[in-house]
Amino acid sequence: MPRDRLTRREGDDAPPLEGELLGPETGQERAARERLNFLAWLLDSSIPLPGTRFTIGLDALIGLVPLLGDVLGVALSSLIVAEANRLGAPRSLLNAWLDHPHRAARGSRLFLALLVLAVAGFAGLCLALGYWLARG
């Protein structure tokens, strides 16, 4: 008998989940995931760079157009955020949340804490450099 997405069956020797009890992914969730994965691929990595293993997406090309490119890029990226909001996902990566909701929330808090520390460190470095330049 096949396993559902995040449920365990009696006699199943898979490791227990981290307190997450979700049913199988619905057709609507699967369709939303496929749409969003395609849009993310299109914006981030749909164009291979010849002679390299690197790719770029339409977002990089659209961004070359001043102002209008930024507006279009934000609008297209906002579609991903709007769909995530409609599905009830927090502000963390949508795929991670759909697979492991509790783990994604912890990762978001860690990222936010590291970001705050980095910004504070950068501000402190700027202040110290400004002080050093002013005294010199």
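This passage describes the fold, the charged and aromatic pairs, and a surface patch of one protein chain.

The structure is a predicted model, in which local features need pLDDT of at least 70 and side-chain atom pairs count only at pLDDT 80 or more, while totals for chains, interfaces and linings use all residues. Residues are numbered from 1 along each chain as its sequence is written, and side-chain values use heavy atoms, with hydrogens and water left out.

The protein chain contains 5 helices and 2 strands, where helices (H or I, at least four residues) and strands (E, at least two) are DSSP runs numbered from the N terminus. Along the sequence these elements follow the pattern α-β-β-α-α-α-α. Of the 136 residues in the chain, 18% are buried; buried denotes under 20% relative accessible area, exposed over 50%, and partly exposed in between (1.4 Å probe, protein chains only). The accessible surface of the chain is about 10,300 Å², and carbon and sulfur atoms account for 68% of this surface. Accessible areas were computed by the Shrake-Rupley method with a 1.4 Å probe, and for residues only the protein chains shown count as cover. Among contacts (heavy atoms within 4.5 Å) between residues at least 6 apart in sequence, 37% join residues at least 24 apart.

Helix H3 comprises 19 residues, which at 1.5 Å a residue should span 27 Å, and its end C-alpha atoms are 27 Å apart, in agreement with that value. The expected span is defined as 1.5 Å times one less than the number of residues in the helix. Within H3, the residues Gly-69, Gly-73, Glu-83 and Ala-84 are buried. Just after H3, Gly-88 adopts a positive phi of about 85°.

Side chains of opposite charge can pair when their charged atoms come close. A search of the whole structure yields 2 salt bridges, a salt bridge being a side-chain nitrogen of Lys or Arg within 4 Å of a carboxyl oxygen of Asp or Glu. In one of them, Arg-35 pairs with Glu-83, with the closest N and O atoms 2.9 Å apart. Arg-35 belongs to helix H1 (residues 27-44) and Glu-83 to helix H3 (residues 68-86), so this salt bridge ties together parts that are 48 residues apart in sequence. Arg-35 is partly exposed, at 45% relative accessible area, whereas Glu-83 is buried, at 13% relative accessibility. Glu-83 also forms a salt bridge with Arg-86, for which the closest N and O atoms are 2.6 Å apart. Both of these residues lie in H3, 3 residues apart, or about one turn of the helix. Arg-86 is partly exposed, with a relative accessible area of 45%. Arg-35, Glu-83 and Arg-86 are thus linked in a network of salt bridges.

The structure contains 1 aromatic pair, under a rule by which rings of Phe, Tyr and Trp (its six-membered ring) pair if their centres lie within 6.5 Å, with planes under 30 degrees apart counted as stacked, over 60 as edge-to-face and the rest as tilted. The pair is formed by Phe-38 and Trp-41 and is tilted, at 5.8 Å centre to centre and 35° between the planes. Phe-38 and Trp-41 are 3 residues apart in helix H1, a separation of about one helical turn. Phe-38 is partly exposed at 48% relative accessibility, and Trp-41 is likewise partly exposed, with a relative accessible area of 41%.

Phe-111, Leu-112, Leu-115, Val-116 and Val-119 make a nonpolar surface patch of about 500 Å². Patches are made of residues with over 30% relative accessible area and no salt bridge, like charges being joined within 9 Å and nonpolar side chains (Val, Leu, Ile, Met, Phe, Trp, Tyr) within 5 Å. Val-116, one of the patch residues, is found in helix H5 (residues 101-135).
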